[in-house]
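Colleague: Got a minute to go through this one with me? I'd like to know what is behind the labels.

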Amino acid sequence: MDAKIIVLPGDGIGPEVTAAAQLVLQEVSTRFGHNLQLSERLMGGCAIDRSGRPITEETLADCAASDAVLLGAVGGPKWDDPRAQVRPEQGLLALRKGLGVFANLRPVRPHPQLLKASPLKRALLRGVDLLVVRELTGGIYFGERGRGLQPDGRERAFDTMVYWDYEVERIVQLAFKLAAGRRSKVTSVDKANILDTSRMWRAVATKVGAQHPHIALDHQLVDTAAMRLVAQPAAFDVVVTENMFGDILTDEAAVLTGSMGNLPSASLSGNGPGLYEPIHGSAPDIAGKGIANPVGAILSAALLLRHSLQLEREAVAVEKAVDGALRAGCRTADLQPVQALSTMQMAAAIVQRLPKR
Ligand code: NAD
């Protein structure tokens, strides 16, 4: 297969972990006989330094014309002034908008060898293999908002949660599609006892559920789901929810795996290129040392192979290579301070375990 992949290394450890992920993609390309062309562009703080903008129109156009985009992380103390007009995260928001990605997927599957890295009891973590599907373009982050002093001298602020039925339908449809390739169970999370947006969400999810009789659907209130995620995490398969609930639940779910460095994510649109990135930030405290854990970025590359290039066999090969390296005791410093591997040594240990073909 021929594919064009734009890589946005970004700031801090972004360039280190994307270098590791690119090594894996290049190796997959060679070993499986594909032609994956990887080319880097600037985004985030580094782009502000170069052009005054966190992402240029040209880079946005290149991303939109690609088959997939692989991102490291953006931001850092140099660009952290809250009063600044131009900030690295604006590049990420512009990119998500430009690509029209509406679904953020975060698979959470604690590796058996790393169970003790999680603060949860081992017995609770056995068999956990869940996928959170978060709506990315609607909800309270994008509704009407305001803040201001009132005539009586009091200050008032508001944010509005808005959803269209079609926004709910397309994300729930995607969740059912993904569940069909997994354990055939969807948990739709809302706050239908209080919010009208959630009542509509539940009605739409129920309607979509009726179109997929082979997939079990249950509805949970977000407070219950938050509790069950740490009390019975193995009970979940696919969890689908709106933007803010998903933002909070995905970070909670990340704790199950022990290190931020291990978790990948994918952001998908209906038909255009997907955006793939580890869930961690630019980790300025360890940037430049070559010790960052590249597993989240490498597993994001596996998601890219699966969801944007439909290369399931290759995606599984990468995931198995990561499992194999961890099983063999390969660890970066976030998981094992003594005798830890560097970022690129960890990448090499993973590449070494890719099948010959
Ligand atoms: P962070 O994820 O960068 O770091 C949190 C902690 O986890 C740090 O101690 C860091 O060393 C560690 N860590 C993170 N990734 C790691 C990895 N791969 N290997 C080993 N250790 C790892 O979060 P933060 O410190 O809150 O944010 C730092 C900067 O990153 C900020 O400027 C923030 O705005 C930005 N950020 C960017 C994104 C993104 O690009 N999507 C996401 C979150 C934060």
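Here is a short chat about a ligand site and a pair of helices in this predicted model.

Colleague: What makes α8 and α9 roughly parallel to each other?

Modeller: Helix α8 (residues 222-231) and helix α9 (residues 243-254) pack at an angle of about 10°. Angles under 35 degrees count as roughly parallel, so α8 and α9 get that label. Their axes are 10 Å apart.

Colleague: Which residues make the contact?

Modeller: On α8 they are V222, A226, L229 and V230, and on α9 they are F245, L249, E252 and A253. That contact divides into 7 nonpolar, no polar and 1 charged.

Colleague: Now the ligand. What makes the V74 pair a polar contact?

Modeller: A backbone N or O atom of V74 sits 2.8 Å from a ligand oxygen. The cut-off is 3.5 Å between N or O atoms, so the V74 pair counts. A283 does likewise through a backbone N or O atom at 2.7 Å from a ligand oxygen, and S282 has a polar backbone atom 3.0 Å from one.

Colleague: How much of the ligand does the protein cover?

Modeller: 67% of the 810 Å² of accessible area the ligand has on its own.

Colleague: And what kinds of residues form the shell around the ligand?

Modeller: 9 nonpolar, 7 polar and 4 charged. Of the 20 residues there, V74, G281, A283, D285 and N293 come nearest.

Definitions and conventions: Residues are numbered from 1 along each chain as its sequence is written. This is a predicted model: local features need pLDDT of at least 70, side-chain atom pairs count only at pLDDT 80 or more; totals for chains, interfaces and linings use all residues. Side-chain values use heavy atoms; hydrogens and water are left out. A residue is near a molecule or strand if one of its heavy atoms lies within 4 Å of it. A polar contact is a pair of N or O atoms within 3.5 Å; within protein, one must be able to donate a hydrogen and the other to accept it, and residues adjacent in sequence count only if both atoms are side-chain atoms. Accessible areas come from the Shrake-Rupley method with a 1.4 Å probe; for residues, only the protein chains shown count as cover. Ala, Val, Leu, Ile, Met, Phe, Trp, Tyr, Cys and Pro count as nonpolar, Asp, Glu, Lys and Arg as charged, and the others, Gly among them, as polar. Axes are lines fitted to C-alpha atoms, for helices over the stretch in contact, and angles run from 0 to 180 degrees between N-to-C directions. Helices (H or I, at least four residues) and strands (E, at least two) are DSSP runs, numbered from the N terminus. Angles under 35 degrees count as roughly parallel, over 145 as roughly antiparallel, 65 to 115 as roughly perpendicular and the rest as oblique. Contact means heavy atoms within 4.5 Å.
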